[in-house]
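Trainee: I have a model open and would like to go through its interfaces and a few backbone details. Can we take it step by step?

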4 protein chains.
Amino acid sequence: MRAAIIGATGYTGLELIRILSRHPEVEITALTSERYVGQRYDQVYPAVGAIASRVLEPLNADAIAPRADVIFTAVPHKEAMQVVPSFIKKKKKVIDLSADFRLTDKATYETWYDAHTAPELLAKAVYGLPEINRKKIKKAQLVANPGCYPTSIILPLTPLLKDDLIDTSAIIADSKSGVSGAGRSLKTGSLFCEASESFKAYSILKHRHQPEIDEQLSGICGKPVSITFSPHLLPMNRGMLSTIYVTLKRPMSSSSVQNLLTSQYKNEPFVRILPEGTLPQTGWVRGSNYCDIGFALSGRRLVLVSVIDNLVKGASGQAVQNMNIMMGIRETMAVDHVPMYP
Amino acid sequence: MRAAIIGATGYTGLELIRILSRHPEVEITALTSERYVGQRYDQVYPAVGAIASRVLEPLNADAIAPRADVIFTAVPHKEAMQVVPSFIKKKKKVIDLSADFRLTDKATYETWYDAHTAPELLAKAVYGLPEINRKKIKKAQLVANPGCYPTSIILPLTPLLKDDLIDTSAIIADSKSGVSGAGRSLKTGSLFCEASESFKAYSILKHRHQPEIDEQLSGICGKPVSITFSPHLLPMNRGMLSTIYVTLKRPMSSSSVQNLLTSQYKNEPFVRILPEGTLPQTGWVRGSNYCDIGFALSGRRLVLVSVIDNLVKGASGQAVQNMNIMMGIRETMAVDHVPMYP
Amino acid sequence: MRAAIIGATGYTGLELIRILSRHPEVEITALTSERYVGQRYDQVYPAVGAIASRVLEPLNADAIAPRADVIFTAVPHKEAMQVVPSFIKKKKKVIDLSADFRLTDKATYETWYDAHTAPELLAKAVYGLPEINRKKIKKAQLVANPGCYPTSIILPLTPLLKDDLIDTSAIIADSKSGVSGAGRSLKTGSLFCEASESFKAYSILKHRHQPEIDEQLSGICGKPVSITFSPHLLPMNRGMLSTIYVTLKRPMSSSSVQNLLTSQYKNEPFVRILPEGTLPQTGWVRGSNYCDIGFALSGRRLVLVSVIDNLVKGASGQAVQNMNIMMGIRETMAVDHVPMYP
Amino acid sequence: MRAAIIGATGYTGLELIRILSRHPEVEITALTSERYVGQRYDQVYPAVGAIASRVLEPLNADAIAPRADVIFTAVPHKEAMQVVPSFIKKKKKVIDLSADFRLTDKATYETWYDAHTAPELLAKAVYGLPEINRKKIKKAQLVANPGCYPTSIILPLTPLLKDDLIDTSAIIADSKSGVSGAGRSLKTGSLFCEASESFKAYSILKHRHQPEIDEQLSGICGKPVSITFSPHLLPMNRGMLSTIYVTLKRPMSSSSVQNLLTSQYKNEPFVRILPEGTLPQTGWVRGSNYCDIGFALSGRRLVLVSVIDNLVKGASGQAVQNMNIMMGIRETMAVDHVPMYP
């Protein structure tokens with residue numbers, strides 16, 4: 001299988017290379033960049049010296065499409081919707097890591113982002129959360145790879161929403177992300193000295209992942225949901241933790257909650273429900289495609305806690321998991337990294 | 001003024017020394033330790049070489065009391081209640097940094113901690129949050145210095161509770177603390193490799209600061225309050241941020257909320273209400289006695305965000321602020337550090 | 001192939017599990033611990049939940065040997081020499097990650113460490129640096145896995161020493177290590193708050209890796225070498241960088257130095273000589289078995305800079321590389337991790 | 001005393017404000033910025049809310065000079081030499097934190113930097129290392145505030161050079177700096193994800209602080225010295241450690257070295273010679289103006305280790321120390337911060 005990565009020099013592009021370069025069924029056949037065209041990839045990232053030495057090329061769909069079976073678009077939103085259609089037309093399978101095809105509703109997209117230039121693809125795109133949409137992903141030509149925050153929030157909530165166990169009007173997600181979620185672009189807030197030994201809240205009630213979360217949760221429970229969503233920035237590279245507050249419609253025992261979560265995910269290779277009483281930490285999933293979930297319960301107040309590596313299950317790992325599903329190969333292939341601890 | 005620090009070799013003890021050794025009205029006359037008796041203080045902490053070279057002595061109230069006007073007890077809970085009574089009997093002013101005298105109700109204390117051996121002092125102790133209790137602190141002989149989490153939660157909630165503006169049955173505080181909050185004792189979870197590049201939730205719904213928070217909030221609004229409290233551990237030394245979720249009883253404009261907070265704290269030297277739309281970060285208060293507060297609002301959902309340095313306003317800075325009040329000197333004396341950024 | 005890990009709950013033990021649990025030719029058949037006997041491994045390290053759930057057993061060579069073809073001893077020095085002989089007697093292949101069999105001279109060992117209780121094995125043990133000793137490792141029954149500092153220092157110096165190009169009386173190695181090098185034991189200096197946002201020198205001219213480095217370098221150049229060695233502690237989990245100062249016997253051009261390094265290591269899968277002018281950073285090898293080497297030159301003053309991940313090429317990765325060689329399988333098998341960046 | 005800060009929005013500008021805003025003899029009367037003109041200072045840095053609310057103005061020497069007795073220029077090199085002359089002409093005292101007036105030789109400056117546009121001031125400028133040049137600083141109109149690396153290297157070497165005790169042809173300084181040394185400008189290498197959990201060497205044998213170090217050391221020992229200088233970047237905000245390798249001309253005992261260092265600095269308020277056998281860590285001087293020095297000795301090989309806070313003794317603290325000297329007030333005034341640990 002031949003894979004092209006469009007926008008290969010951001011952190012999600014690099015993470016795709018970390019994963020795909022050890023994928024037994026994949027050959028990387030094109031890497032594009034705007035800024036580094038003509039340089040060898042390992043000049044941009046010496047970390048992958050001897051592993052990824054392909055020269056970066058400009059984005060030219062006509063030139064790239066014949067060389068690739070699957071296209072990963074790892075460019076910012078707005079750019080993605082300009083790139084994806086050409087590959088779709090050429091019958092390529094596309095996994096888009098931007099936000100451009102995650103919302104089904106054009107108007108919602110345009111409220112939170114910009115004018116959409118490829119709205120005809122919105123209905124075609126499948127939201128690439130395998131634990132929810134595996135069957136659709138299998139047949140999809142275009143997969144919209146989920147955002148990191150949404151992944152960490154939707155997975156723990158799904159079992160509760162499916163069984164209609166919680167008050168959907170009062171869901172709160174307090175989420176914390178490592179700095180790599182902000183990408184490699186030059187922003188003052190991403191400087192070491194601004195983020196290190198500090199912690200902040202940002203975009204509370206205004207973050208663009210909010211409508212994505214709301215749409216997916218609404219789909220799961222069959223009625224409109226709008227959560228309270230508060231993102232925060234952690235002084236670390238990788239890792240995301242969401243603390244999610246819900247109110248049970250009626251009291252449940254701790255072991256019932258445990259059973260509910262466990263039975264929902266018992267066949268999922270990348271979701272680990274922690275033993276009762278254990279709360280997760282991001283270090284436990286570092287570098288891996290796992291989502292670990294724990295909880296605390298008191299009366300009808302249930303607090304769910306989930307962790308992912310924002311660059312793996314929150315981005316590139318999930319993208320390769322989606323690719324494996326789309327291509328009909330073993331879902332865990334090349335994304336079965338053991339977490340790196342410490 | 002002569003000050004003794006009981007339990008001087010923990011991080012709060014060291015922070016007391018950082019502050020008091022530059023206090024123009026204070027002379028440190030005794031430092032005690034269990035583990036390091038006979039050593040010079042700067043052998044334990046070379047950071048204060050040339051500043052704190054006093055030899056550590058064992059705790060002997062008879063020997064220390066004649067040399068001190070004010071006693072800071074910076075020992076763990078349970079030890080504090082064994083130490084404090086002897087100094088109280090000797091008519092010394094005591095500022096206790098442990099949890100032992102923060103709860104007024106013996107039974108509540110014993111539910112969350114241990115049997116209380118000095119319950120007769122519970123009524124005598126004043127909860128040392130100057131922004132709430134300044135008048136009582138002024139006359140107190142025994143001040144129970146507040147916990148770091150409670151300080152960060154009570155300050156932003158007070159104006160709303162006082163005016164009866166929020167639903168008190170659904171308050172959620174999602175709090176995050178730097179590792180120094182765990183002290184200097186040897187625990188696996190406090191090791192660098194366990195905490196660095198990682199983030200975790202712990203003791204959700206079970207943390208011992210919960211009853212302290214509940215008691216204080218109940219006192220402010222005049223009816224029983226029990227919040228949902230979730231602590232987390234940040235990969236950094238100092239700093240604490242609390243994200244607090246409340247529901248307004250009736251809609252308020254953003255500027256009304258801003259005015260409410262600003263007017264409540266306009267004369268407070270250590271509370272800074274941020275401009276509307278600005279959310280705080282812990283780095284902004286590093287090393288200082290400030291509590292910075294911001295918020296986000298959407299409909300009746302209000303999210304308050306506060307930051308403190310857990311070792312300063314969350315512990316030793318507040319203790320010295322209390323001492324200043326008790327001693328009738330300028331409240332900001334020696335605790336007016338400019339935040340160190342970066 | 002069946003592998004047992006003696007002392008599985010330290011960080012090198014955990015790293016062995018990270019690597020071996022994805023090794024296609026290896027089955028882990030025993031994990032021992034003193035402290036955690038009877039617990040499931042993933043209770044000690046939830047990070048490897050669903051990956052390593054074997055119950056920890058006490059160290060009993062009679063019970064373990066029949067189940068294992070290769071034994072990794074990841075216990076502290078002094079313990080290792082008590083454990084290794086029994087497995088050697090039972091004809092097992094042993095890779096010892098401690099310092100106990102790294103020095104050939106009993107007296108030197110006893111000067112720097114303790115009385116040696118298995119001196120008869122010193123001659124039998126092969127120093128497990130594959131780039132130097134591959135042929136001997138192939139036939140070894142007992143491999144002494146090199147220390148992290150020595151690995152980072154010997155590899156860049158070898159080409160220069162072999163060709164007798166430098167003054168061996170004035171070699172200086174200024175080395176810096178992440179905190180994981182200190183292991184998981186409880187020491188004040190390993191606490192987060194002691195190591196974070198700080199950097200220190202320690203054991204300068206007195207570190208126990210010094211005689212190991214000296215012995216190996218002496219062996220390579222055929223005359224006694226004693227370097228100046230200065231270790232330092234970095235505020236990060238993983239990674240080691242050595243800056244090595246040497247004086248060339250006669251001037252060389254920059255490209256000659258480059259060629260020398262490149263030609264020495266051109267067939268080595270885990271040594272990457274960086275392009276001229278590029279100096280390495282530890283992040284480029286994080287989680288991988290690579291050693292990256294760069295240099296700067298001015299006149300006869302040559303400064304070599306090398307980086308490794310102290311837990312991989314500096315410990316467990318190199319151990320598995322050694323195992324692969326001893327067992328006659330592909331040397332890179334299961335240790336070909338792509339560095340994780342960021 | 002009225003002080004103006006030219007280039008107030010970089011990290012050294014902010015650090016000047018942290019110090020000067022608590023200086024009992026100083027009033028800040030002008031803050032300039034290119035990028036943030038018209039904004040209040042605390043809008044740029046909310047950390048100093050309620051402390052520094054002055055509006056940033058453009059750099060206009062005619063407008064500023066009448067309002068200021070002392071001028072701090074905290075702009076990049078090249079800009080400084082365009083700004084300083086106008087204030088010198090107006091008889092103002094100037095402390096320049098850039099490199100523009102640190103070298104006495106125009107040609108050397110132009111080799112390492114750019115064409116010098118104010119060479120007539122080179123002879124007038126005094127190198128502002130108080131421990132070496134206090135008397136000259138007292139009378140100076142223009143002080144060139146030393147670089148951080150030079151400060152950390154010159155202080156420990158001075159006693160040895162003065163007494164002609166070491167081989168000046170083989171001095172090596174292996175220095176490590178926190179990221180704040182790179183300033184607040186947007187560079188990929190200063191991003192959190194590039195610097196965190198990583199460590200690198202850079203500019204070895206090519207760093208611009210090299211000629212500054214060489215010139216000062218040469219002045220102290222009265223003959224040309226050229227050291228080997230290797231800078232490195234630490235994953236932390238503040239702090240600098242230099243490990244300095246020298247060869248004694250003849251053997252000295254450890255206590256002789258200790259006495260030499262101690263007697264040189266016994267009256268210096270900001271140099272702390274550590275007890276024999278103690279090596280320093282950067283955390284011990286965090287936020288303070290101290291330089292801590294320790295050493296290790298073996299035969300004629302002496303290793304000196306020094307630490308400073310690069311933003312305090314390495315920049316703004318030393319600048320205020322210089323101001324105090326120039327103005328004839330107590331040298332430690334407002335720079336006597338107790339180190340903040342942890």
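What follows is a set of questions and answers on symmetry, interfaces and local geometry.

Mentor: Keep in mind that this is a predicted model. Start with the chain pairs.

Trainee: By what turn can chain B be laid on chain D?

Mentor: The superposition gives an RMSD of 0.0 Å. The shift along the axis is 0.0 Å. The two copies are thus related as by a two-fold rotation axis. The turn is 180°.

Trainee: Which residue of chain B comes closest to the rotation axis?

Mentor: The distance is taken at the C-alpha atom. It comes to 4.0 Å. The residue is B:Glu197.

Trainee: How many residues does each chain bring to the contact of chain B and chain D, and why do the copies meet through the same surface?

Mentor: Of the interface residues of chain B, 97% are also interface residues in chain D, so the copies meet through the same surface. As for the counts, chain B brings 30 residues and chain D brings 29 residues.

Trainee: What area do chain B and chain D bury between them, and which residues of chain B lose the most?

Mentor: The pair buries about 2,700 Å². Carbon and sulfur atoms carry 67% of it. On the side of chain B, three residues that lose the most area to chain D make up 25% of what that side buries. They are B:Val338, B:Met340 and B:Pro342.

Trainee: Which residue of chain B meets D:Arg22 in a salt bridge?

Mentor: The interface of chain B and chain D holds two salt bridges. In one of them, the N to O distance is 3.5 Å. The partner of D:Arg22 is B:Asp336.

Trainee: Which helix gives the most to the side of chain B that touches chain D?

Mentor: Polar contacts across this interface come to eight residue pairs. The helix in question spans residues 11-20 and gives four residues. It is helix α1 of chain B.

Trainee: How do the residues on that side of chain B divide by type?

Mentor: Take the side of chain B that touches chain D. Its residues divide into eight charged, six polar and 16 nonpolar.

Trainee: Now the other pair. What area do chain C and chain D bury between them?

Mentor: In this contact, 41 residues of chain C meet 41 residues of chain D. Of the buried area, 59% is on carbon and sulfur atoms. The total is about 3,300 Å².

Trainee: Which residues of chain C lose the most area to chain D?

Mentor: Three residues together account for 19% of what the side of chain C buries. They are C:Glu197, C:Phe199 and C:Tyr245.

Trainee: Which residue of chain C meets D:Asp174 in a salt bridge?

Mentor: Between chain C and chain D the count is two salt bridges. One of these has an N to O distance of 3.1 Å. The partner of D:Asp174 is C:Lys176.

Trainee: Which element gives the most to the side of chain C that touches chain D?

Mentor: This interface has 22 residue pairs in polar contact. Elements that give two or more residues include α8, β10 and β13 of chain C. The one that gives the most, with four residues, is β7(C).

Trainee: Which peptide bond into B:Pro342 is cis?

Mentor: B:Pro342 sits in the segment after α11 of chain B. Omega is near 0°. The bond runs from B:Tyr341 to B:Pro342.

Trainee: Is D:Glu197 buried or exposed?

Mentor: D:Glu197 lies in the loop between α8 and β8 of chain D. Its phi is near 55°, a positive value in a residue other than glycine. Its relative accessible area is 7% and the cut-off is under 20%, so D:Glu197 is buried.

Trainee: What is phi of B:Leu205?

Mentor: B:Leu205 is in the loop between β8 and α9 of chain B. It counts as buried, at 17% relative accessibility. The phi value is positive, in a residue other than glycine. It is near 70°.

Trainee: How far apart in space are C:Ile273 and C:Asp292?

Mentor: C:Ile273 is part of strand β11 of chain C. The two residues are 19 residues apart in sequence. From C-alpha to C-alpha, the distance is 5.9 Å.

Technical notes
Residues numbered from 1 in each chain as written. Chains lettered and ligands numbered in written order. Predicted model: local features only at pLDDT ≥ 70, side-chain atom pairs only at ≥ 80, totals over all residues. Heavy atoms only, no water. Least-squares fit on C-alpha atoms with pLDDT ≥ 70 in both. Contact = heavy atoms within 4.5 Å. Buried area = accessible area lost by both parts, 1.4 Å probe. Salt bridge = Lys/Arg side-chain N within 4 Å of Asp/Glu carboxyl O. Polar contact = N/O pair within 3.5 Å; in protein donor to acceptor, adjacent residues only side chain to side chain. Nonpolar A, V, L, I, M, F, W, Y, C, P; charged D, E, K, R; others polar. Buried < 20%, exposed > 50% of the residue type's maximum accessible area, 1.4 Å probe, protein only.
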